[in-house]
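Let's take a friendly walk through this structure, one contact at a time. Please have the 3D view open and ready to rotate.

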Amino acid sequence: MHTPKQNSIRSLPEYWRWLGTRVRLGLTPDEPRLITAYLETGRQACLADLLHPWQMNEQSFQTLLAAALDPHLPWHWRSHCLNHSHQPLMQLGDFAQRRPEWRPRFITLVEQLSRAKMPPDDRPVEMPYSERATFGRGR
């Protein structure tokens, strides 16, 4: 996995978007640290004034929620994404308290999360080979 240190400060937004694509598509579902790297890279880009904090947090929230609700992704990855979605949402809540004009948008995002339904993944579950040989026969 690439690290932010390998990228110049100016390329942080591009790197953050690249990480976001990997998160959304679940390209490395057995690497939950990718989500942390995604959120941290966005934070670093905001600190460098390369991304607007509201936009970065809203996009991060939307990316994580979209991945969490995607039944084509592995369940454990979707759970990780849902578990991390509160972080950008909390930041948005802090911004909305300081800027009343952002409050309606924040409320919409909270409602979006509260209405979200996580259907089980739609991939067939394969029976382990060791169980196939005895399936249907008495043991």
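Is the crossing of H3 and H5 left-handed or right-handed? Keep in mind as you look that this is a predicted model. The crossing turns out to be left-handed. Two packed helices are described by the angle between their axes and the distance between the axes. Here, helix H3 covers residues 53–69 and helix H5 covers residues 86–98, and the two pack at an angle of about 145 degrees. Their axes lie 8 Å apart.

Now zoom in on the side chains where these helices meet. From H3 come Pro 53, Trp 54, Asn 57, Glu 58, Ser 60, Phe 61 and Leu 64. H5 answers with Pro 88, Leu 89, Gln 91, Leu 92, Phe 95 and Ala 96. Sorted by character, the residues of this contact comprise nine nonpolar, three polar and one charged.

From helix packing, let's turn to charged pairs. Side chains of opposite charge can pair when their charged atoms come close. Searching the whole structure turns up six salt bridges, and we can visit some of them here.

Start with Arg 24 and Asp 70, whose side chains form a salt bridge at 3.0 Å, N to O. Arg 24 belongs to helix H1 (residues 12–25), while Asp 70 sits in the loop between H3 and helix H4 (75–84), so this pair ties together parts that are 46 residues apart in sequence. The partners also differ in their surroundings: Arg 24 is partly exposed, with a relative accessible area of 27%, whereas Asp 70 is buried at 14%, a value that falls under the 20% limit for buried residues.

Next, find Arg 99 and Glu 101. Their side chains meet in a salt bridge with an N to O distance of 2.6 Å. Arg 99 is partly exposed, at 38% relative accessibility, and Glu 101 is partly exposed too, with a relative accessible area of 48%.

Our last stop is helix H6, which spans residues 103–115. Here Arg 115 forms a salt bridge with Glu 111, and the closest N and O atoms are 3.9 Å apart. Because the two residues are four positions apart in H6, about one helical turn separates Arg 115 from Glu 111. Arg 115 counts as exposed, at 55% relative accessibility, since the exposed class begins over 50%. Glu 111, with a relative accessible area of 37%, is partly exposed.

Key
Residues are numbered from 1 along each chain as its sequence is written. This is a predicted model: local features need pLDDT of at least 70, side-chain atom pairs count only at pLDDT 80 or more; totals for chains, interfaces and linings use all residues. Side-chain values use heavy atoms; hydrogens and water are left out. Axes are lines fitted to C-alpha atoms, for helices over the stretch in contact, and angles run from 0 to 180 degrees between N-to-C directions. A crossing is left-handed if the near helix is turned anticlockwise from the far one by less than a right angle, and right-handed if clockwise. Contact means heavy atoms within 4.5 Å. Ala, Val, Leu, Ile, Met, Phe, Trp, Tyr, Cys and Pro count as nonpolar, Asp, Glu, Lys and Arg as charged, and the others, Gly among them, as polar. A salt bridge is a side-chain nitrogen of Lys or Arg within 4 Å of a carboxyl oxygen of Asp or Glu. Buried means under 20% relative accessible area, exposed over 50%, partly exposed in between (1.4 Å probe, protein chains only).
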